[in-house]
Amino acid sequence: MSGDGFHVHGPHDHELEHAAHGNDDFASKIAVMTAIMATVGALFGYEGGATQNDAAMFKNNAAIKKTEASNQWNFYQSKSNKQNLAELAMVLPGVDIEKYKSEVSRYKSEKEEIKKKAEELEAEAVKWEHESEASLHQHHRWAQAMTGVQIAISLAAITLLTKKKWLQFASYGVAGIGVALAGLAWFHI
């Protein structure tokens, strides 16, 4: 519309006005289904984002546990070095052998505790890695479901423009596939 009161309609404007004034049952059904699909798609998108965040957090936890395990193995190596020095000291002439024997024994027992702790931390890291992989798989399922719904919405828009009944059913079919994929995501399949 210009400032002079002159109004030019585009072809799409005319169709929209015509549909708004008429009782186009076909267009109404498509509009309602599109709104429902958009809402369902938003829910799928939310779940996809949540599972992606979970996967990242689990991966972060795994990295922390790996670092803690690495620290324990470094501590273990330090005790091994001290034990080796104590064993070497026992063969030197004129030293108190019993003193070094007790140190060797102490380092051996300390190393066992450290080794146990390091192995526990490694096991926790593996557990977090598996959790991350499972969440990432679930995220991919949610993303596939969301893609299905987006394609269904696009088909619904084409259906509205072309008024083809078979496209309406194709849109519903693709939306159904999206919902089926969401079911797989929900049940962690």
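Modeller: A residue counts as buried when its relative accessible area is under 20%, as exposed when that area is over 50%, and as partly exposed in between. The model discussed here is predicted.

Colleague: In what order do the elements of the protein chain run from the N terminus on?
Modeller: The protein chain contains 4 helices and 0 strands. Each element in the order is accordingly written as α, and from the N terminus on the chain reads α-α-α-α.

Colleague: What percentage of the residues in the protein chain is buried?
Modeller: The accessible surface of the chain comes to about 12,400 Å², and carbon and sulfur atoms account for 62% of this surface. The chain has 189 residues, and the buried share of them is 26%.

Colleague: Among contacts between residues at least 6 apart in sequence, what percentage joins residues at least 24 apart?
Modeller: Contacts of this kind can be illustrated by S135, a residue of helix α3. Leaving out residues up to four places away in sequence, S135 touches T51, D54, A55 and F58. Over the protein chain, among contacts between residues at least 6 apart, the share that joins residues at least 24 apart is 80%.

Colleague: Is S135 buried or exposed?
Modeller: The cut-off for a buried residue is under 20% relative accessible area. The value for S135 is 7%, so this residue is classed as buried.

Colleague: How many residues apart in helix α2 are D25 and K29?
Modeller: The side chains of D25 and K29 form a salt bridge, with an N to O distance of 3.7 Å. K29 is partly exposed, at 43% relative accessible area. Because an α-helix has 3.6 residues a turn, residues three or four places apart point the same way. About one helical turn separates D25 and K29 in helix α2 (residues 25-90), and their spacing in sequence is 4 residues.

Colleague: Is K65 buried or exposed?
Modeller: K65 forms a salt bridge with E68, and their closest N and O atoms are 3.5 Å apart. The two residues are 3 residues apart in helix α2, about one helical turn. E68 is partly exposed, with 30% relative accessibility. For K65 the relative accessible area is 19%, which means that it is buried.

Colleague: In which helix does E124 lie?
Modeller: K65 also meets E124 in a salt bridge, at 3.4 Å from N to O. K65 belongs to helix α2, so the pair ties together parts that are 59 residues apart in sequence, E124 being in helix α3.

Colleague: How many salt bridges does the count give?
Modeller: Some salt bridges are joined into a network, which links K59, K66 and E129. By the rule that a Lys or Arg side-chain nitrogen must be within 4 Å of an Asp or Glu carboxyl oxygen, the count is 8.

Colleague: Which helix gives the most residues to the largest nonpolar core?
Modeller: This core has 13 residues, and M37, F44, W142, A145 and A182 are those with the most contacts inside it. Two or more residues come from each of the elements α2, α3 and α4 (165-186). With 5 residues, the element that gives the most is α3.

Colleague: Is L85 buried or exposed?
Modeller: L85 lies in helix α2. Together with L88 and V91, L85 forms a nonpolar patch on the surface, with about 330 Å² of accessible area in total. The relative accessible area of L85 is 57%, so L85 is classed as exposed.

Colleague: With which residues is V95 in contact, leaving aside its neighbours within four places in sequence?
Modeller: V95 is located in the loop between α2 and α3. With a relative accessibility of 28%, V95 is partly exposed. Once neighbours within four places are set aside, the contacts of V95 are A89, M90 and Y100.

Colleague: How far does α3 reach from its first C-alpha to its last?
Modeller: Helix α3 has 66 residues, and at 1.5 Å a residue the expected span is 98 Å. The reach in the model is close to that value, at 96 Å.

Colleague: Which residue takes a positive phi just after α3?
Modeller: Helix α3 covers residues 97-162. Just after this helix, a positive phi of about 60° is taken by K163.

Methods:
Residues numbered from 1 in each chain as written. Predicted model: local features only at pLDDT ≥ 70, side-chain atom pairs only at ≥ 80, totals over all residues. Heavy atoms only, no water. Buried < 20%, exposed > 50% of the residue type's maximum accessible area, 1.4 Å probe, protein only. Contact = heavy atoms within 4.5 Å. Areas by Shrake-Rupley, 256 points an atom, 1.4 Å probe, with all protein chains shown as cover. Core = buried A, V, L, I, M, F, W, Y, C linked by side-chain atoms within 4.5 Å. Patch = residues over 30% accessible without salt bridge, like charges linked within 9 Å, V, L, I, M, F, W, Y side chains within 5 Å. Expected span 1.5 Å × (residues − 1).
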